[in-house]
Amino acid sequence: MATTLPTPPKVGMVSLGCPKNLVDSERILTKLRSDGYQMSADYAGADVVLVNTCGFLDSAKEESLEAIGEAIAENGRVIVTGCMGKEAEVIRARFPQVLAVTGAHQYEQVVDAVHEAAPPIPSPFLDLVPEAGLKLTPRHYSYLKISEGCNHRCAFCIIPSLRGDLASRRPDAILREAEKLIAAGTRELLVISQDTSAYGIDLRHAEYNWKGAPVRAHMTDLARELGKLGAWVRLHYVYPYPHVEQVIPLMAEGLVTPYLDIPFQHAAPKVLKAMKRPANDAKVLERIKAWRSICPDLAIRSSFVVGFPGETEADFQYLLDWLDEAQLDRVGAFRFEPVEGAAANGLPDHVPEEVKEERFARIMARTAAISAARLQAKVGRTLPVIIDEVDEEGGATGRSQADAPEIDGAVLLRDAGHLSQGDIVSVLIEDADEHDLFGVPLVAR
């Protein structure tokens with residue numbers, strides 16, 4: 001007699017904000033899937049909808065509130081989690097019908113709330129999870145979170161109040177997760193945290209056993225061991241501390257992708273001091289030159305805040321001149337925005353909105369010109385490219401080692417219909433514009 005399987009409850013997920021939030025969403029969904037839940041791709045099919053919010057900026061909070069409102073309108077049964085969970089009273093005041101509100105990386109509380117809203121139906125035939133867990137990214141790349149929280153107290157940031165102080169994962173646990181991801185098809189690991197350079201400080205850089213050998217809880221040791229696993233290893237949110245230079249030789253050797261995502265935020269000394277940023281611009285320029293002397297292909301991306309309280313025209317011009325010298329490959333810019341709870345709100349001499357807009361336009365034009373020149377220098381070279389998408393017309397979209405997914409440029413390919421998502425191929429670069437490269441694949445690997 002055939003066994004009739006129960007119909008499990010379905011969960012929908014809306015994940016907002018940074019990759020760290022995305023990893024949280026994946027962990028929540030993995031746990032729910034192991035409890036027998038199915039995932040719903042739309043509101044209509046979900047028994048309950050999770051909204052993982054971002055609370056870093058007021059604009060991000062408003063986006064989160066709009067997403068909650070949409071989920072309530074389309075489904076009605078909504079659980080809110082993530083960074084904005086710290087402001088449960090704000091959420092409940094606007095949406096009293098939400099079923100539950102939890103904070104950032106409170107996995108157990110979120111799962112408990114789902115259990116209460118849509119009780120699971122235990123079944124040995126349904127409670128199965130892929131070895132690598134559930135992913136919200138394509139199969140060929142994965143975010144790898146190595147720590148939570150941050151020890152810095154930058155004037156414009158409220159992340160420590162949302163996520164607490166630095167709490168590093170053990171390196172052996174990170175490496176086990178990376179192995180599982182690669183075994184499941186990951187070809188690019190995107191290492192994320194709030195401050196990757198500080199990884200392991202809270203663990204006093206203790207040694208842990210990994211396959212019979214000691215591995216320190218330190219960025220350099222972790223990067224080296226990850227590089228041995230055979231995937232691209234891309235480092236995000238790296239503060240420019242002196243010990244970062246220890247990672248550059250690993251990039252030159254090919255163990256680690258020659259790419260650093262460094263949140264400089266500004267360059268003018270007065271503004272950096274007001275921001276309470278842990279950096280000195282003169283030494284940073286020297287370090288960048290030293291890094292590129294060791295690894296000429298090193299790509300550096302960063303983000304900058306314009307219109308910070310007290311920023312003068314001279315400060316902004318200093319930043320533009322600094323960028324001319326630094327020659328960063330990828331740059332994002334943001335207009336300063338007061339965030340409730342941030343120390344910067346109380347600083348004097350706030351910059352008028354029209355001045356912020358004018359400076360934003362200038363910095364984007366300057367960095368676009370730098371990007372165009374650096375990309376043009378790659379024309380005629382052969383570069384490794386990872387394939388993100390293949391279209392029906394024989395073209396494909398990929399990324400070079402200088403391009404992180406979602407935030408950087410792309411490599412647009414012709415005559416690429418034989419390729420598949422996740423392939424890493426050698427590409428002859430034929431042309432370039434301000435942000436993207438154009439080429440043709442040579443040999444698949």
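**Cavity, pocket and local packing**

By class, the lining of the second largest cavity comprises two nonpolar, one polar and five charged residues. The model is a predicted one, and it holds four cavities of 30 Å³ or more. The second largest cavity contains about 50 Å³ of space. Its lining is formed by Asp-329, Arg-330, Ser-371, Arg-374, Leu-375, Lys-378, Ala-402 and Asp-403. Helix H12, which spans residues 353–376, supplies the largest share of this lining, with three residues.

Asp-329, one of the residues that line the second largest cavity, is found in the loop between helix H11 (313–326) and strand E15 (330–335). With a relative accessible area of 10%, Asp-329 falls under the 20% limit and is therefore classed as buried. The side chain of Asp-329 makes polar contacts with two arginine side chains: one with that of Arg-292 at 3.2 Å, and one with that of Arg-374 at 2.8 Å. Arg-374 also belongs to the lining of the second largest cavity. When residues up to four places away in sequence are not counted, Asp-329 touches Arg-292, Leu-298, Ala-299, Ile-300, Ser-371 and Arg-374.

Among the open spaces, the second largest pocket holds about 450 Å³. This pocket is lined by 27 residues, of which Pro-258, Asp-297, Arg-381, Leu-383 and Gln-401 are the closest to its centre. Strand E12 (232–235) and strand E16 (382–390) are the elements that give two or more residues to the lining of the second largest pocket. Of these, E16 gives the most, with three residues. The lining of the second largest pocket divides by class into 15 nonpolar, seven polar and five charged residues.

Helix H6 was examined next. This helix covers residues 171–183, a run of 13 residues. From its first C-alpha to its last, H6 reaches 18 Å, close to the 18 Å expected at 1.5 Å a residue. The buried residues of H6 are Pro-171, Asp-172, Ile-174, Leu-175, Ala-178 and Leu-181. These buried residues pack against four strands, namely E6 (141–145), E9 (188–192), E10 (207–210) and E11 (213–216), and against helix H7 (219–227). Just after H6, Gly-185 adopts a positive phi of about 120 degrees.

Two of the elements packed against by the buried residues of H6, E11 and H7, are linked by the loop in which His-218 lies. The relative accessible area of His-218 is 7%, a value under 20%, so the residue counts as buried. Beyond residues up to four places away in sequence, His-218 touches Tyr-199, His-205, His-243 and Gln-246.

A further buried position is provided by Ala-113, which lies in helix H4 (residues 107–117). Ala-113 has a relative accessibility of 12% and is therefore buried under the 20% criterion. With neighbours within four places in sequence left aside, Ala-113 is in contact with Ile-79 and Ala-100. Ala-113 and Cys-54 are 59 residues apart along the chain, and their C-alpha atoms are separated by 19 Å.

Conventions: Residues are numbered from 1 along each chain as its sequence is written. This is a predicted model: local features need pLDDT of at least 70, side-chain atom pairs count only at pLDDT 80 or more; totals for chains, interfaces and linings use all residues. Side-chain values use heavy atoms; hydrogens and water are left out. On a 1 Å grid over the protein atoms alone, a cavity is a set of points where a 1.4 Å probe fits but cannot get out, and a pocket is an open set with protein on both sides within 12 Å along at least five of seven lines; lining residues have an atom within 4 Å of a point. Grid points are joined across faces, edges and corners, and a volume is the space filled by probe spheres set on the points. Ala, Val, Leu, Ile, Met, Phe, Trp, Tyr, Cys and Pro count as nonpolar, Asp, Glu, Lys and Arg as charged, and the others, Gly among them, as polar. The expected span of a helix is 1.5 Å times one less than its number of residues. Buried means under 20% relative accessible area, exposed over 50%, partly exposed in between (1.4 Å probe, protein chains only). Contact means heavy atoms within 4.5 Å. A polar contact is a pair of N or O atoms within 3.5 Å; within protein, one must be able to donate a hydrogen and the other to accept it, and residues adjacent in sequence count only if both atoms are side-chain atoms.
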